[in-house]
Amino acid sequence: MVKTDRDQIRVFAGRASRDLAESICAYMNVPLGQGHTDMFPDGELIVKIDEDVRGRDCYVVLSTHHPVNANLMELLIYIDCLRRASARRITAVVPYFGYARQDRKDEGRVPITAKLVANMLTAAGANRVITIDLHAAQIQGFFDIPVDHLVAAPVIIEHIESIRDQLGDIVLVSPDVGNVKTANAFATQLGGDLAIIDKRRKSGTEIESANLIGDVKGKTVLMVDDQVSTAGTMCGAAQMVMEYGATDVIAACSHPVLVGLAMERIQSSPISQLITTDTIPCGLRCEPIQEKLVVLSVAELLGEAISRIHENRSVSSLFKPGNSSKR
Ligand code: R5P
């Protein structure tokens, strides 16, 4: 718990990130900002701030996960609302930044949606952004306002270190070539070997895991990725390493997107544990995989970052090795 100037700071929560925002406030020892979001019968949203924010340093916590568009719109409206209420500075705290996978034109006539979202947040009135494990680190450059890009790796590594004795020989497996840097950072920190799966993607939803580079025989495989979405990547890779003689598979990711066939796939996969964080709430939807799920909290990480920003102290010590951004 840190001591934070209660009068000058306000931390608000979008509906989908309320639990996380409450934990952040508990860590910072400040009350959750008073505000609420309502929906008109046609689906339009309205946000109302229920306390004075004039001249205050305001933070809005809301991940833009499923339903992505509704959460994004709520975040934009919250920011607009705070700007019109004369907040001194508005920081969008977006633990999971959606639309990040569309970060470049890799074929003709497609959008760069990550840039569009960056423009929208700035146009709405955000002065600063805090986020965790962007899908691609260069998305920071899409903003002309400061972005504090945090990493969940220290939180995940701390947990794995606490169970390290039970794991025996471990090998860190990158489920695709783009994630090697992260897997390598985990391997260095945890003292394991490294293996790589050369993943071939058939389409946005269909994966074909092709070649395994490295040795997993007789070892516990630890696989890390920035997010598990439909779980095709992780479960395909888990199946493959078991065929190559691994004894167990533990998967870890910063963001439990978990949509589509994810639950069924994880349930029936050889993955014994999925270690993740609360950047996206798991709640009831994750009940089918409850026995395999370990959810760690990033509340302390975010609370510490917010406190340091508010007090004009360095945030860089939170940027530890193991950044799971790709490319
Ligand atoms: C891909 O580049 C990402 O890091 C993840 O590997 C991917 O988003 C996971 O998607 P899915 O769970 O649908 O295979």
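A polar contact is a pair of N or O atoms within 3.5 Å, where, within protein, one atom must be able to donate a hydrogen and the other to accept it. With that in hand, the border between the two domains of this predicted model can be looked at. Between domain 1 and domain 2, 6 residue pairs are in polar contact, both partners being at pLDDT 80 or more. Salt bridges are another story: the count between domain 1 and domain 2 is 0.

Where do the two domains run? The domain assignment gives domain 1 as 9-151 + 299-318, and domain 2 as 153-296. So much for the bounds; next comes the way the two parts meet. The C-alpha centres of domain 1 and domain 2 are 28 Å apart. At the border, 13 residues of domain 1 touch 13 residues of domain 2. About 1100 Å² of area is buried between domain 1 and domain 2, and carbon and sulfur atoms give 56% of that.

Aromatic rings come next. A pair of aromatic rings is described by two things, the distance of the centres and the angle of the planes. How many aromatic pairs does a search of the whole structure find? It turns up 2 of them. In one, the ring centres of Phe12 and Tyr78 sit 6.0 Å apart with the planes at 40 degrees, so this pair is tilted. Planes under 30 degrees apart would count as stacked and planes over 60 as edge-to-face, so 40 degrees falls into the remaining class. The Phe12–Tyr78 pair ties together distant parts of the chain, with Phe12 in strand β1 (residues 9-13) and Tyr78 in helix α2 (residues 68-84), 66 residues apart. Are these two rings' residues buried or exposed? Phe12 has a relative accessible area of 0%, so Phe12 is buried, and Tyr78, also at 0%, is buried too.

The other pair is made by Phe97 and Phe143, whose ring centres are 6.0 Å apart and whose planes are at 70 degrees, so the pair is edge-to-face. Here too distant parts of the chain are linked, this time from loop to loop: Phe97 is in the loop between β5 (89-94) and α3 (113-124), while Phe143 is in the loop between β6 (128-132) and β7 (147-150), and 46 residues separate the two. Phe97 and Phe143 are both buried.

One more residue rounds off the picture. Asp148 belongs to strand β7. With a relative accessible area of 8%, under the 20% limit, Asp148 counts as buried. The side chain of Asp148 makes a polar contact of 2.9 Å with the side chain of Arg128.

Terms used. Residues numbered from 1 in each chain as written. Heavy atoms only, no water. Phe/Tyr/Trp six-rings, centres within 6.5 Å; stacked < 30°, edge-to-face > 60°. Helix = DSSP H or I, 4+ residues; strand = E, 2+ residues; numbered from the N terminus. Buried < 20%, exposed > 50% of the residue type's maximum accessible area, 1.4 Å probe, protein only. Domains from an automatic or database assignment. Contact = heavy atoms within 4.5 Å. Buried area = accessible area lost by both parts, 1.4 Å probe. Salt bridge = Lys/Arg side-chain N within 4 Å of Asp/Glu carboxyl O.
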